[in-house]
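Here are a few notes to keep beside you while you look at this one for the first time. Take them in any order.

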Amino acid sequence: MLLSTITLSDYLVLSGLLFSIGVFGVLTRKNAIAVLMGIELMLNAANINLVAFSKFIDTGLNGQIFALFSIVIAAAEVAVALAIVISIYKTTRTIDLDKEDTLKG
Amino acid sequence: MSVNSYTVQAVFFYIFAALIVGSALLVVLLRNIVRSAFALFFTLFGVAGIYILLGADFVGVTQVLIYIGGVLILIVFGVMLTHNVYSVDIFNKLGTLVMGTVSAIVTFTMIYYAIKQVPWLYIGYKANAPTTGPIGRELMTSYLLPFELASVLLVLAMIGAAYLIRSEVKVKKAAGNGGPSGERPADGIRKED
C-alpha cells in the first residue's frame, strides 16, 4: 500500500530536505534578507525534528518545550538581524552581501 | 485507532510536506524578494500544519502567531525598507550557485543516510491530548529558569534592535561627513532628544 503509516523517519527526512533547501538559500543568495529567509528555513527544520522526537520517542513534552524556546530565540534573532541589515543599508545604501567588504583588510 | 485514520494522517502528511518543500524551493529560487517572502508564508504555514499533525497544538498555534504574525511581517518590513526588489541580479555568481547546490545535496545525502541507518525505537501510538495545560505547568515548574531567561533575552533583543537602528544616526552626526546618505527628515526631530 502506498500510503503506509507515517513514522519518525519520514518526518526526519522532511526536516532534512527543508534544512538542505535552507543551506542552499544561505549559500547562494546575494540579498541579506534572502539569506535571513534561508536561516529561517533551517530553524524551522530543526523545530520539526524537536516536535517529531517529542511525539515518537519522548514520553513527555520536552521536545515541544524546546521547540517553543527555539521559536522565541528565532524571533529575537530575526529582530536583531533585521536591525543590523537596515543599519547597514542606511550606511552603505546596499544590502548586497558581495559588496559589504568594509572589514576586508 | 483504525487503519483509516492512519491513511488520513498519511494523506495530510504528504500534502503538508509537498507544500513545505515546494514553497521552500520557491523561497530560495525566486528572483523577486517580495515573492520569496510570500512563498515563505506558505512554508511556515505548512510547518504549523505538521506540528498540529504531530499533536503539538500549542506549538502549532505559536508558530502561526510568532512566525507568520511576527517574523514574516518583520521580514516584509525589512524588504520594504531596504528594497532592491526588482533587481534581477539576486543570485551570486555561477560558481557560488554550483557550490551551493553541491553542498545542499551533500548535506541532504548525509542527513538521509544517517536517518536511515539508525534503528529508531518506537514507543507505540501516543494519543493526541491537549498540550496547553501540561506545557504551562512544565514552564512554571521544571523550565522556570529558561522561561525567565527567555523573557530577559527578548527584552535585550528589543533594546538591542532599537539601539542599533538609533545609534547609526548619532555616529553619523558625530562624524559630520554625512556619508553617502544625507537625506533624513527625522534628523531634525532627533536632535531635540
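1. A word on terms before we start: helices here are DSSP runs of H or I with at least four residues, strands are runs of E with at least two, and both are numbered from the N terminus. On that basis chain B has seven helices and zero strands. Reading from the N terminus, its elements go α-α-α-α-α-α-α. Do keep in mind that this is a predicted model.

2. How much of chain B is buried? Of its 193 residues, 22% count as buried. As for its internal contacts, take those between residues at least 6 apart in sequence: 52% of them join residues at least 24 apart.

3. Now the place where the two chains meet. On the chain B side 78 residues are in contact, and on the chain A side 68. In chain B, the helices that each supply at least two residues to the side touching chain A are α1 (3-29), α2 (33-53), α3 (57-82), α4 (94-117), α5 (132-140) and α6 (144-175). Sorted by class, that side of chain B has 53 nonpolar, 21 polar and four charged residues.

4. The largest nonpolar core is worth finding next. It has 74 residues, and A:L18, A:I33, A:I48 and A:V51 are those with the most contacts inside it. Both chains take part: α1 (8-28), α2 and α3 (62-92) of chain A, along with α1, α2, α3 and α6 of chain B, each supply at least two residues of this core. Which residues does A:I48 touch, leaving out those up to four places away in sequence? They are A:Y11, A:L14, A:S15 and A:L18 from chain A, plus B:V47 and B:I50 from chain B.

5. Have a look at helix α2 of chain A, residues 32-56. From first C-alpha to last, this 25-residue helix reaches 37 Å, close to the 36 Å expected at 1.5 Å a residue. Since 21 of the 25 residues of α2(A) are buried, the helix is largely enclosed by the rest of the structure.

6. In chain B, try the pair α2(B) and α3(B). Their axes are 8 Å apart and the packing angle is about 170°. Angles over 145 degrees count as roughly antiparallel, and α2(B) and α3(B) are therefore roughly antiparallel to each other. Residues making the contact include B:I33, B:L40, B:F41 and B:L44 of α2(B), and B:V64, B:Y67, B:I68 and B:L72 of α3(B). By class, the contact of α2(B) with α3(B) has 19 nonpolar, two polar and one charged residues.

7. Two residues of helix α4 of chain B make handy landmarks. One is B:T107, which lies in that helix and counts as partly exposed because it has 17 C-beta neighbours inside 10 Å. Setting aside residues up to four places away in sequence, B:T107 touches A:F19, A:S20 and A:V23. The other is B:L97, also placed in helix α4 of chain B; with 14 C-beta neighbours inside 10 Å, B:L97 counts as partly exposed. Between B:L97 and B:T43 there are 22 Å from C-alpha to C-alpha, and the two are 54 residues apart in sequence.

8. Last stop, B:V152 in helix α6 of chain B. Is B:V152 buried or exposed? It counts as exposed, because it has 9 C-beta neighbours inside 10 Å. The C-alpha atoms of B:V152 and B:G100 are separated by 37 Å, with their positions 52 residues apart along the chain.

Note on methods
Residues numbered from 1 in each chain as written. Chains lettered and ligands numbered in written order. Predicted model: local features only at pLDDT ≥ 70, side-chain atom pairs only at ≥ 80, totals over all residues. Contact = placed C-beta atoms within 7 Å. Nonpolar A, V, L, I, M, F, W, Y, C, P; charged D, E, K, R; others polar. Expected span 1.5 Å × (residues − 1). Buried ≥ 20, exposed ≤ 12 C-beta atoms within 10 Å, placed from the backbone. Core = buried A, V, L, I, M, F, W, Y, C linked by C-beta atoms within 7 Å. Axes fitted to C-alpha atoms, helices over the stretch in contact; angles between N-to-C directions. Parallel < 35°, antiparallel > 145°, perpendicular 65-115°, else oblique.
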